[in-house]
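Student: Could you walk me through this protein? I'd like to see how one reads a model like this.

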Amino acid sequence: MSDESTSAPATGAAGSARQTRGLRADLRATVPEFLVAALLTAGVFVFLYFRMRAGRADTTAVMPFLADPAEFWMYLLSQAFGWTGLLWAYLTVVLGLLTSGPGPRLPWGSARLERLHRTSSLCAIVLMLAHAVLFLAELVRDAADKAWPARIFGALVETFVPGGYTSGTGALAIPIGQAGLYLAMLLGLTFYLRNRIGPRTWRILHRTVIISYALSIWHTLLYGTNVWYSGWPRTVLWAIQIPIVVLLLIRLFRPARRGERLPAKDAPTKGRQPRISRATRIAGRIATALLLPILVWVIVSGQDGGRPREEPSSVTHQHD
């Protein structure tokens with residue numbers, strides 16, 4: 001959500017009631033957007049299904065025992081929801097940076113842009129949850145030799161409890177994905193509680209939304225079998241982060257909120273907070289600016305962190 005959405009919030013019980021109504025209205029507005037996302041997810045699923053059936057999927061190169069898409073359709077559907085969830089998270093971050101920075105002159109108003117930012121955020125959360133729930137369902141199916149209570153409990157722990165999944169690359173990738181999901185839910189839903197927690201507290205929390213997105217990308221790079229190996233699909237995933245970094249830099253150098261602009265060196269200060277704030281903002285700008293040459297180097301060099309294809313899949317990955 002953009003910081004500008006809280007410029008003049010209502011207070012007290014009336015403000016909380018208004019925000020509750022706002023959540024209901026945004027949920028209704030999310031329905032057509034989610035239908036579009038569901039259709040896109042179905043398209044991704046069909047693409048992955050027939051690619052796996054033809055024996056051309058990287059997923060089966062990583063995990064040969066998943067060669068029958070009819071048997072492992074839940075895993076494929078989880079992958080499809082994961083990709084659309086990542087796309088909607090990308091759109092949410094872009095819209096948030098546009099509304100909280102100077103932004104280009106667009107044919108529609110800022111209020112409509114902020115509304116779209118909110119609905120895309122809610123849609124991304126639903127897609128990410130669907131990704132996790134289908135992964136859980138696949139784990140339940142895989143544990144057919146256990147009693148139902150043990151199957152469900154074990155799958156819940158492995159899917160939603162950090163450290164519960166201990167197999168292969170997932171021992172690190174799954175907790176990273178869980179952190180991205182939980183942070184996205186926290187930041188997305190606390191927008192509707194900002195009168196209770198205070199607009200200032202909410203804005204401080206909301207600035208960490210980029211961390212949630214970064215965790216989702218990290219999770220995908222570590223665990224996404226469609227981008228498991230080095231090559232153009234993985235490199236493209238790196239490349240599309242350049243617009244995010246550029247927009248973030250613009251946001252840091254030219255924030256829409258006057259209070260977030262870097263104070264001049266000779267500006268009057270009270271206590272140590274302005275100096276700390278100035279140092280923090282400068283450090284954030286430098287760190288973000290350093291990401292650009294790193295991304296360019298990854299794209300130009302092709303050193304995208306993927307596994308070489310000649311590496312045995314039985315060593316690189318395990319799936320229980």
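**A walk through the model**

Student: Is tryptophan 228 buried or exposed?
Tutor: Tryptophan 228 has 0% relative accessibility. Buried means under 20% relative accessible area, exposed over 50%, and partly exposed in between (1.4 Å probe, protein chains only). So tryptophan 228 counts as buried.

Tutor: By the way, this is a predicted model: local features need pLDDT of at least 70, side-chain atom pairs count only at pLDDT 80 or more, and totals for chains, interfaces and linings use all residues. Residues are numbered from 1 along each chain as its sequence is written, and side-chain values use heavy atoms, with hydrogens and water left out.

Student: Which glycine has its C-alpha atom 5.8 Å from that of tryptophan 228?
Tutor: Tryptophan 228 sits in the loop between α9 and α10 (232–239); helices (H or I, at least four residues) and strands (E, at least two) are DSSP runs, numbered from the N terminus. Its partner is 78 residues away along the chain: glycine 306.

Student: How are α6 and α9 oriented to each other?
Tutor: The axes of α6 (residues 170–189) and α9 (residues 209–223) come within 8 Å and cross at roughly 155 degrees; axes are lines fitted to C-alpha atoms, for helices over the stretch in contact, with angles from 0 to 180 degrees between N-to-C directions. Angles under 35 degrees count as roughly parallel, over 145 as roughly antiparallel, 65 to 115 as roughly perpendicular and the rest as oblique. So α6 and α9 are roughly antiparallel.

Student: How many helices and strands does the chain have?
Tutor: Reading from the N terminus, you meet α after α. The count is 13 helices and 0 strands.
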